[in-house]
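I opened this model to look up a few residues one by one, and I note below what I found for each.

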Amino acid sequence: MIKKDNIDKPTGYYLFYTLGGHGFCASIECVEVVLGAATPTAMPVREKGFLGVLQVHEQLIPVFSGFELLGLSPIPLDPSQRIIVFNGSKTVFSDSENIQNVGLLVEDIIGVASVESYKHYRLNFPASDTEEYVSMFIDEQNQKYIHLPLAKYFEKISLQKDIYELINNAERTILKNE
């Protein structure tokens, strides 16, 4: 289900980035810092997408590959990639006693912008049994950005199929309605 939605339209500034050739965004309020690609220190833990840890401002940050978390093939680190450090208390770990920040390796940073001028759509998440929605923003150049809650990256499922289904369904519906 897709719904053009201005009533519950998010406001404020968002960080826009790419993963696997698709656009994503996150509220800037959840972002601590954006780092250049760095090689994390490997750890004996091998969770899906876990690359290791980085020391950022005297704190060890677990770093995950956004590519692997979306079900894409792992790719080698490249200087053009970025690591977004998200505030753990405002995202994935908000219900945990051991709140920590988390790093997400992404393809590229598009920039920071207010979403006020973007078209906004609420999309029903394909694999969800509940009324769970994600937002999609479309800019003036018709670029599409999914606001995927960070917690979705860390579910024990492959999101690749769901993300592609979400984007393809949205594109078909938007084209049909415009």
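**An acidic side chain in a loop**

I began with a backbone nitrogen, that of Gln 141, which lies 3.0 Å from a polar atom of the Asp 139 side chain. I should record that this is a predicted model, in which local features need pLDDT of at least 70 and side-chain atom pairs count only at pLDDT 80 or more, while totals for chains, interfaces and linings use all residues. Residues are numbered from 1 along each chain as its sequence is written, and side-chain values use heavy atoms, with hydrogens and water left out.

I placed Asp 139 in the loop between strand E11 (133–138) and strand E12 (144–147); strands (E, at least two residues) are DSSP runs numbered from the N terminus. Which side chain of opposite charge is nearest to Asp 139? I found Lys 144, 8.1 Å away, and Asp 139 is buried yet has no salt bridge. For charge, Lys and Arg count as positive and Asp and Glu as negative, with His and the chain ends not counted; a salt bridge is a side-chain nitrogen of Lys or Arg within 4 Å of a carboxyl oxygen of Asp or Glu. Buried means under 20% relative accessible area, exposed over 50%, and partly exposed in between (1.4 Å probe, protein chains only). Leaving aside neighbours within four places in sequence, I saw Asp 139 in contact (heavy atoms within 4.5 Å) with Tyr 118 and Tyr 145.

**Cysteines**

I looked up Cys 25 in strand E3 (residues 22–27) and noted that this residue is buried, at a relative accessible area of 0%. Beyond four places in sequence, Cys 25 touches several residues, among them Tyr 14, Phe 16, Phe 137 and Tyr 145. Cys 30 is also buried, at 17%. I counted 0 disulfides, a disulfide being a pair of cysteine sulfur atoms within 2.5 Å.

**Asn 101**

I found Asn 101 in the loop between strand E7 (82–86) and strand E8 (102–106), where Asn 101 counts as buried at 12% relative accessibility. Its contacts outside the four-place window include Glu 32, Gln 59, Ile 61 and Val 85.

**Positive phi**

Most residues other than glycine have a negative phi, so I noted two residues separately. His 57, in the loop between strand E5 (50–56) and strand E6 (59–65), has a positive phi of about 50° and is exposed, with a relative accessible area of 72%. Asn 142, in the loop between E11 and E12, has a phi near 70° and is partly exposed at 43%.

Key: Helix = DSSP H or I, 4+ residues; strand = E, 2+ residues; numbered from the N terminus. Polar contact = N/O pair within 3.5 Å; in protein donor to acceptor, adjacent residues only side chain to side chain.
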